[in-house]
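Me: Hey, can you walk me through this structure? I'd like to hear about a helix and some pockets.

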Amino acid sequence: MTAPPSDDDRSSSGRTDVVHLGRDPDAQQGFVNPPVYRGSTVLFPTLERLKTRRQPYTYGRRGTPTTDALSEALTKLEGGAMTTLTCSGLQAVAAALLAFVRAGDSILMVDTVYQPTRKFCDTTLKSLGVETIYYDPLAGAGIAELVRPDTRLIFTESPGSQTFEVQDIPAIAGVAAKRGLFLLMDNTWASPLYFKPLAHGVDVSIHAATKYIVGHADAMMGAIIANDRAASHVDRIKEAMGLCPGSEETYLALRGLRTLDVRLERHHSAGLAVARWLAERPEVARVMHPGLESDPGHAIWKRDFKGASGLFGFVLHPVAEAGLAAFVDHLEFFGMGYSWGGYESLILPFDPRSYRTATAWTEPGPALRIHIGLEDVEDLKADLARGFERMAAAA
Ligand SMILES: *Cc1c(COP(=O)(O)O)cnc(C)c1O
């Protein structure tokens, strides 16, 4: 019922890739992992070399063997032409957008996008003379009606932040290709293993590597993976903005990548198990998890994705604030806080009413986002069940 993705529906190469890509033990005295190169200055042995720059590394900001190891692995995992690493997921989103827009352009932005992405559009892009038009995540091929002569790109994020609507990426890619638009996607939820944006017609895949790639809540990191068509734009913004993550963070992301597949299998199966359990609870009005057969996005998720991560949402029947507090305040295994994708379980109340503009959120009860970590799933259910008991007692 909650089996992790099988080899039938996922090439086993992804599994082998996360272990082997970006590593060359022969080049480092046989040690399994690459060293952490810390550095700014790179020396040139001769004037001729300085002038021609004909050596692999020229300056710390422009890349090191450590950043190359992670970039190479991500480029190959997603089938791209190149990867630029950044200090955070938000920096990756912002840089990717800046790589393509010019004053006078407009962009189509999914209404269910990560909220700080929306803020970047509504403040920084606006001040640069770029207009953002928000669209319904379920628009699919209908997005063609929103394309204007000044539209430059379409930005997608699937499933949507907090409310988990699944977008029909191939349908949107068809429109983008026909109208000559760039198509960008925030692929953080699925990670490079469970969705392949570039194979579905996306030009630029963006990750908050902070989440599942780092995987241990101990570093911030972002990545922009571009296809051939988009690579020169992304490369230019990398050079212009001096995008370069720290060496230690890069190493932590590389280390996280090695176990991404096994961690995701657990997040997938445990997340689905808790989602099904929540769906049966009398306190719960609705569970938002595309892996559930009852979810409106299930068919597209099943067609396009190779698994689900451990992040989903649920809505409670209306309950007083004191009841909600009694539920979340004393959970033993669920922490309350931002971010997700680590080994630990998290829970976070949210209310999209104040920031969505192209869609209406009409659920009367409180909504919660939940991240199912690597704990025993029975312990997690029991913890939530005790929370529901406290909620009833507080009502
Ligand atoms: C967290 C997140 C980001 C931003 O990543 P940071 O590393 O926290 O800056 C971007 N997109 C999505 C979907 C996220 O969940």
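Reply: Here's a quick chat about one helix and the pockets.
Reply: This is a predicted model, where local features need pLDDT of at least 70, side-chain atom pairs count only at pLDDT 80 or more, and totals for chains, interfaces and linings use all residues. Residues are numbered from 1 along each chain as its sequence is written, and side-chain values use heavy atoms, with hydrogens and water left out.

Me: Cool. How many residues does helix H4 have?
Reply: H4 covers residues 89-100, so to speak 12 residues. Helices here are DSSP runs of H or I with at least four residues, and strands are E runs of at least two, numbered from the N terminus.

Me: Is H4 largely enclosed or exposed?
Reply: Largely enclosed by the rest of the structure, because nine of its 12 residues are buried. Buried means under 20% relative accessible area, with a 1.4 Å probe and protein chains only. Among them are Gly-89, Val-93, Leu-97 and Phe-100.

Me: New topic: where does the largest pocket lie?
Reply: Domain 1 (12-257) and domain 2 (260-394) both give residues to its lining, so the largest pocket lies between them. The domain bounds come from an automatic or database domain assignment.

Me: Which elements supply at least two residues of that lining?
Reply: H4 again, plus helix H5 (115-127), strand E6 (204-208) and strand E11 (345-350).

Me: And the second largest pocket, which element gives the largest share of its lining?
Reply: That's E1, with four residues. Helix H3 (65-78) and helix H8 (228-241) each supply at least two.

Notes. Expected span 1.5 Å × (residues − 1). Buried < 20%, exposed > 50% of the residue type's maximum accessible area, 1.4 Å probe, protein only.
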